[in-house]
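Grab a coffee and work through these short exercises with the structure open beside you. Try each task before reading its solution.

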Amino acid sequence: MDIGFTLVAQAIAFFVLIVFTMKFVWPPLLNAIETRQKEIADGLAAGEKGRAELEQSSKRAAEALAEAKQKASEILSLAEKRATQIVEDAKGTAKAEGDRIITGAKAEIEQEINRAKEGLRQQVSTLAIAGAEKILRKEIDAKAHAEILTAIAQEL
Amino acid sequence: MATEHALTPSGYISHHLSFNTQAIGEGSFWTIHVDTLVMSVLLGVIAMGLIWWVVRGATAGVPTKRQAFIELLFGFVDDQVKNIYHGNRHSFIAPAAMTVFVWVLLMNAMDFLPIDVVAKGLAAVGIEKWRSVPTSDINTTFALALTVWFLMIFFAIKAKGLGGWIHELFCSPFGTNPLIWPANFLFNLIEYVSKPLSHSLRLFGNMYAGEVIFLLLGLWAATGVTGTIAGAILGAGWSIFHILIVALQAFIFMMLTVVYLAMAHESH
């Protein structure tokens, strides 16, 4: 065991090495590692945030889709209702029109009938008067009985 | 020459266990072990220089494989220190721990160099005596342990103040009663003496013993064909086992350094 000046020299070397490590090796390494750790943590956080956002927006999209579907079905049902209504309306109008035409036709027919009846009556009354004239020519003065004859013709 | 000594076992061993000394003054203290100094400084400069070279180009982005390796080392040391010391470890203790670990590991690893090949190679260039393992020199381990010891006292005074430190010397661990001050002081004295002793001798003993066993196996290998085969096989086995010892002793030395420095910050 020969302890000598080597000890002092080694101690100095050791101290110098420690100081060197302390000043030039450790801080940049620590800095690099901590920066990277922070970056990774930030990246992970950003990824997490992105995922949450994606989830939210897909939920929103699904909601919008559902809403659109509902609206479409609403519009569809409304359109169907409207179509039936239009058909119903058309049916009603057609029926009314038909009725109107029928009524008009009936009225015309009635008129025709009345006219024919009138014509017939006139003819009958003329015939009757003619017949009566022929029968009564001898004994009835046309002038004297014109009133009666007119009344009869009116009654017919 | 190594061959002259190799004729006798004691000559072989003493040749391999003697330092390359250089007197720089009067008395045995003023001699330096050139081999120890050169090897340790070389290893320290190479190791920390390499790490520094990698760290200089360190990026916070995707690390290169070199940087990833250094970061692995960083993480390993940092984790150990984090578990023991709860102050601001980045300012001193963690870098010191890293230095100790890397340096001691490399100095221990010099044990893997085949001693006789190194001796022959150096003898060829005129260097007769050379011990490659700086940690099997008590000077190195004591230097490290004493540096840690002074740092320990420095941090203790820095954390508690000079008065606080002296107060602790006399008033812990048994109590503040003046009657037990001597007991406390004796206790602390023993602790302060035993810390650097156990710290340095543990490493020294392990590395020295490892070296001696390699030498004994080398001796055996010199006795003939059987000895050579047995020595080679056992030498390989011991080398493999020694990998564990080298790493373990470096780790233990680092952990003790951290523990001592952390304890200095704690008040009792």
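Two residues count as in contact here if their C-beta atoms, placed from the backbone, lie within 7 Å. Keep in mind that this is a predicted model.

**Exercise 1.** Work out how many residues each chain brings to the contact, and where those of chain B come from.

*Solution.* Start with the head count: chain B puts in 39 residues and chain A puts in 29 residues. Next, look at which elements of chain B touch chain A: β2 (31–33), α3 (34–56), α4 (65–84), α5 (93–109) and α7 (138–171) each give at least two residues. Of these, α3(B) has the largest share, with 9 residues. Finally, sort the chain B side by chemistry, and you get 25 nonpolar, 12 polar and 2 charged residues.

**Exercise 2.** Compare the span of helix α1 of chain A with the expected value, and find its kink.

*Solution.* First, the helix covers residues 5–136, which is 132 residues. From first C-alpha to last, α1 of chain A reaches 188 Å, close to the 196 Å expected at 1.5 Å a residue. Then look for the bend: α1(A) has a kink of about 40°, centred on A:T21.

**Exercise 3.** Decide where in chain B the predictor is most and least confident.

*Solution.* Begin with the whole chain: the mean pLDDT of chain B is 89, with 97% of its residues at 70 or more. Now go element by element: α5(B) is highest at 94, while helix α1 (residues 2–5) of chain B is lowest, at a mean of 45. Residues 1–6 of chain B have pLDDT below 50, and this stretch makes 10 contacts in the model beyond near neighbours in sequence. For the complex, the predictor gives an ipTM of 0.87 and a pTM of 0.75.

Key. Residues numbered from 1 in each chain as written. Chains lettered and ligands numbered in written order. Predicted model: local features only at pLDDT ≥ 70, side-chain atom pairs only at ≥ 80, totals over all residues. Helix = DSSP H or I, 4+ residues; strand = E, 2+ residues; numbered from the N terminus. Nonpolar A, V, L, I, M, F, W, Y, C, P; charged D, E, K, R; others polar. Expected span 1.5 Å × (residues − 1). Bend = angle between axes of the 7 residues up to and from the residue. pLDDT = per-residue confidence, 0-100.
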